[in-house]
Structures are given as structure tokens and as C-alpha cells.
Amino acid sequence: MVNTDRIANDWKRRGYSFGEFRDPPGQRWEDFVHEVDELFMVAEGRMEIEIEGAVSHPDPGEEVFIPARAVHSVRNIGGTSACWLYGYKQKP
């Protein structure tokens with residue numbers, strides 16, 4: 001199980017915000033672009049992330065780096081709800 005308090009504190013120390021989404025089965029977030037670097041992590045469930053056309057299926061607790069201005073999509077590919085974490089690089 002992912003310890004969200006530990007992740008939030010770690011990301012804050014590294015200069016990132018922290019947020020959490022819970023998605024129903026089949027939820028898709030397509031073709032997002034942000035002006036800052038982003039971190040992504042599956043907390044529970046089965047998720048797919050696509051960054052600039054490269055698709056991966058990270059395990060819960062596996063951190064994924066999304067570079068600024070990269071087109072990316074996040075999809076719940078499991079049969080249950082999924083929870084995922086995200087953080088944006090904060091400006092100094």
C-alpha cells in the first residue's frame with residue numbers, strides 16, 4: 001500500500017505540489033500538456049500512462065516523471081476504481 005503522507009512530504013521537499021484523483025473504471029484523461037514538470041504515481045488499481053506516444057503500466061508506488069510540455073494521457077484500465085497521485089513542479 002502506498003503511504004500518501006510520505007509521498008506528499010517527499011514531493012514537497014523536492015519542490016512539487018501533491019494531489020490525488022480517484023477514477024471509476026474506464027476513466028480516461030487524454031492529451032494533457034503542462035508548462036511545468038509533473039510527477040505521477042498509481043496509489044491503487046491498474047492505470048495506463050502514455051507520454052509522447054510511449055505507453056506504460058506502472059505498478060502502485062512506482063513514480064513516473066512527465067517532462068514539461070509533454071503530451072500525456074492517464075487511463076484507468078482496471079475493473080475497479082483507481083487512485084493516482086500527481087504533483088507539479090513549483091516555481092521557486
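Me: Which residues form one aromatic cluster?

Reply: The structure is a predicted model, and the rings of aromatic residues offer a starting point. One aromatic cluster is formed by F21, W29, F32, F40, W84, Y86 and Y88.

Me: How many aromatic pairs are there, and at what angle do the planes of W84 and Y86 stand?

Reply: Rings count as a pair if their centres lie within 6.5 Å, and by this rule the count is eight aromatic pairs. In one of these pairs, W84 and Y86 have ring centres 5.9 Å apart and are tilted. The angle between the planes of W84 and Y86 is 55°.

Me: Are W84 and Y86 buried or exposed?

Reply: A residue counts as buried when its relative accessible area is under 20%, and as exposed when that area is over 50%. W84 and Y86 also belong to the largest nonpolar core. Both residues are buried.

Me: Which strands each supply at least two residues of the largest nonpolar core?

Reply: In soluble globular proteins, nonpolar side chains tend to be buried together. The largest nonpolar core here has twelve residues: F40, V42, M47, I49, I51, V64, I66, A70, V74, A82, W84 and Y86. At least two of its residues come from each of the strands β3 (38-44), β4, β6 (63-66) and β8 (82-88).

Me: Which residues does I49 touch, not counting residues up to four places away in sequence?

Reply: I49 is one of the twelve residues of the largest nonpolar core. Setting aside residues up to four places away in sequence, I49 touches F40, A54, V55, S56, P58, V64, I66, S73 and V74.

Me: How many residues are in the other core, which lies apart?

Reply: Apart from the largest core lies another one, whose members include V2, I7, W11 and M41. The number of residues in this other core is nine.

Me: How many salt bridges does the structure hold?

Reply: Side chains of opposite charge can pair when their charged atoms come close. One of the salt bridges joins D10 and R14, at 2.8 Å from N to O, and R14 is partly exposed at 29% relative accessible area. The total number of salt bridges in the structure is nine.

Me: Why are R13 and D10 separated by about one helical turn?

Reply: The side chains of R13 and D10 meet in a salt bridge of 2.5 Å, N to O. R13 is exposed, with a relative accessible area of 62%. R13 and D10 are about one helical turn apart because they lie three residues apart in helix α1 (residues 4-13).

Me: How many residues apart in sequence are the parts that R75 and E50 tie together?

Reply: A salt bridge of 2.7 Å, N to O, joins the side chains of R75 and E50. R75 is in strand β7 (residues 72-76) and E50 is in strand β4 (residues 47-51), so the pair ties together parts whose separation in sequence is 25 residues.

Me: Which residues are joined into one network by salt bridges that share partners?

Reply: R75 is buried, at 7% relative accessible area, whereas E50 is partly exposed at 23%. Salt bridges that share partners place both of these residues in one network, whose members are R28, E30, E48, E50 and R75.

Me: D23 is buried yet has no salt bridge; how far away is the nearest side chain of opposite charge?

Reply: D23 lies in strand β1 (residues 19-23). Its side chain makes a polar contact of 2.6 Å with that of W84. The nearest side chain of opposite charge is that of R22, at a distance of 8.7 Å.

Me: Where is D31 placed, given its positive phi?

Reply: D31 is not a glycine, yet its phi is positive, at about 55°. D31 counts as exposed, with 55% relative accessibility. The place of D31 is in strand β2 (residues 28-32).

Me: Where does R69 lie?

Reply: R69 is a residue other than glycine with a positive phi, near 70°. R69 counts as exposed at 53% relative accessibility. R69 lies in the loop between β6 and β7.

Me: From which residue does the backbone oxygen come that lies 2.9 Å from a polar atom of the side chain of K89?

Reply: K89 is in the segment after β8 and counts as partly exposed at 33% relative accessibility. Leaving aside neighbours within four places in sequence, K89 is in contact with R14, G15, Y16, V36 and D37. The backbone oxygen at 2.9 Å belongs to R14.

Terms used: Residues numbered from 1 in each chain as written. Predicted model: local features only at pLDDT ≥ 70, side-chain atom pairs only at ≥ 80, totals over all residues. Heavy atoms only, no water. Phe/Tyr/Trp six-rings, centres within 6.5 Å; stacked < 30°, edge-to-face > 60°. Buried < 20%, exposed > 50% of the residue type's maximum accessible area, 1.4 Å probe, protein only. Salt bridge = Lys/Arg side-chain N within 4 Å of Asp/Glu carboxyl O. Helix = DSSP H or I, 4+ residues; strand = E, 2+ residues; numbered from the N terminus. Core = buried A, V, L, I, M, F, W, Y, C linked by side-chain atoms within 4.5 Å. Contact = heavy atoms within 4.5 Å. Lys, Arg positive; Asp, Glu negative; His and termini not counted. Polar contact = N/O pair within 3.5 Å; in protein donor to acceptor, adjacent residues only side chain to side chain.
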